[in-house]
Amino acid sequence: MNWGMAPLRVLVVGCGNMGRSHARAYHQLDGYELVGLVARRPATREALSEELGGIPTFGDFEAAYAETKPDVVSINTYPDTHAAIARVALAGGSHVFCEKPLAETVEEAQEIADLARQHGRKMVIGYILRVHPAWQKFIEVAQTLGKPLVMRMNLNQQSRGKDWATHKALMDSMSPIVDCGVHYVDVMCQMTLSKPVRVSAIQARLSDELKPGMCNYGQLQVSFEDGSVGWYEAGWGPMMSEVAYFVKDVVGPKGCVSIVDRGGGERDADSADVDAHTKTNTLRLHHQARDENDEFVQADEWIDTTDEPDHDGLCLREQEAFAAAIAGEFDPAQHLEDALNSMRIVLAADESFRTGRTVELG
């Protein structure tokens, strides 16, 4: 990666799962220079600093920003802090990479996007599946199945210990169908290339350890202008089942395509293992075409995807794309608009549950 310019000075804010992976990417790519790591917990930031050769560490973002004067701020903290950090970074003249979601409301996210445009800064949201070659293939194959599409997806996580602690902290801001749902609703929008028109949802509260009013299980249903429909299900916590926790299945008039572990049965990794969330293993493509005896004329196709990048590899691809955007090789404006669109859909799902009504999208 070489765009003929000085390395971009990067301040990484948040050193959890995503922050660590993105920091490793910046450290590996010669188009970036890590100038600081920010995290509330000293042990977290110091461990990552040691791994990466002694990067300066900070406990406070604004102090770190003033001292390091970065070209890029990488936001990997809990969702309720994203907007405030982005505002400081953009006002200071930095480009911003932000893990999803950009803000807690669509209105605030739109304000931040407008602020980036006003300051002439590039902003990319962490939609990791958009740089995943196997998921790109999944979308490409789904687009050959005709219309309408029926899209069925979930990612339930049986979590305990530090993973359950992380999930509870995330649910201080938003429900699972909002936090993770943006990825899969975005995939549905790419598969259909159609306008979403209505959303409904169900949710359930399965733990008294959550803040009042928060649910740790939910399912949203979205309908598209072309007649396509999709659902996404997400549940977090020690009570969740390890059975059928990873469903990625698309059906159209011409057949169906599914992400399948060809070994059979459930996946080897625990459902809360973040590295397993993007893995595909195999795509199974079924054709509905039949002969005069109503028998299938073509065997199912198995598309091997086991050479896919791991989680760190995908984060590296995201940061390569971000650097290319900053260098002017592509305009991330449509990416940002798509991110706001998927956020609008999942927040409408939360509204549907609260009101008990289907939400019509404008």
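Trp135 is a good place to enter this structure: with 0% relative accessibility, Trp135 counts as buried. The model described here is a predicted one. Tyr184 is buried as well, at a relative accessible area of 4%. The rings of Phe61 and Tyr65, to which the text returns below, are another aromatic pair. In total, a search of the whole structure finds 6 aromatic pairs.

Take the pair of Phe61 and Tyr65 in more detail. Their ring centres are 5.7 Å apart and their planes meet at 50°, so this pair is tilted. Both residues belong to helix H3, where they stand 4 residues apart, about one turn of the helix. Phe61 is buried, and Tyr65 is buried too. Trp135 and Tyr184 likewise form a tilted aromatic pair, with 5.9 Å from centre to centre and 55° between the planes. Because Trp135 lies in helix H6 and Tyr184 in helix H9, this pair ties together parts that are 49 residues apart in sequence. Ring pairs also join Trp135, Phe138, Tyr184 and Tyr232 into a cluster.

Phe138, a member of that cluster, leads on to Ser258, since Phe138 is among the residues in contact with Ser258 once neighbours within four places in sequence are left aside. The other contacts of Ser258 on this count are Lys248, Asp249, Thr282, Leu283 and Arg284. Ser258 is part of strand S13, which spans residues 255–260, and with a relative accessible area of 14% Ser258 is buried. The side chain of Ser258 also makes a polar contact of 2.3 Å with the side chain of Asp249. Lys248, another contact of Ser258, has a ring partner of its own: the charged end of Lys248 sits over the ring of Phe246, 3.7 Å from the ring centre.

Helix H4, made of residues 82–91, offers a different kind of picture. Its buried residues are His82, Ala83, Ile85, Ala86, Ala89 and Leu90. These residues cover an arc of only 160° around the axis, which means that they lie on the same side of H4. What do the buried residues of H4 pack against? Their partners are the strands S1 (8–13), S4 (72–75), S5 (95–99) and S6 (123–126), together with the helices H3 (61–68) and H5 (106–118). Just after H4, Gly93 takes a positive phi of about 95°.

Some details of the backbone round off the description. Most residues other than glycine have a negative phi, and most peptide bonds are trans. Against that background, Lys69 has a positive phi of about 45° although it is not a glycine. Lys69 is located in the loop between H3 and S4, and at 59% relative accessibility Lys69 counts as exposed. Leu193, also not a glycine, has a positive phi of about 50°. Leu193 sits in the loop between helix H9 (181–192) and strand S9 (196–204), and is exposed, with a relative accessible area of 69%.

Cis peptide bonds complete the account. One of them runs from Lys100 to Pro101, with omega near -5°, and Pro101 lies in the loop between S5 and H5. Another cis bond joins Lys147 and Pro148, where omega is about 0°. Pro148 is found in the loop between helix H6 (133–142) and strand S7 (150–155).

Technical notes
Residues numbered from 1 in each chain as written. Predicted model: local features only at pLDDT ≥ 70, side-chain atom pairs only at ≥ 80, totals over all residues. Heavy atoms only, no water. Helix = DSSP H or I, 4+ residues; strand = E, 2+ residues; numbered from the N terminus. Buried < 20%, exposed > 50% of the residue type's maximum accessible area, 1.4 Å probe, protein only. Polar contact = N/O pair within 3.5 Å; in protein donor to acceptor, adjacent residues only side chain to side chain. Contact = heavy atoms within 4.5 Å. Arc of directions from axis to C-beta. Phe/Tyr/Trp six-rings, centres within 6.5 Å; stacked < 30°, edge-to-face > 60°. Lys NZ or Arg CZ within 6 Å of the ring centre and 35° of its normal.
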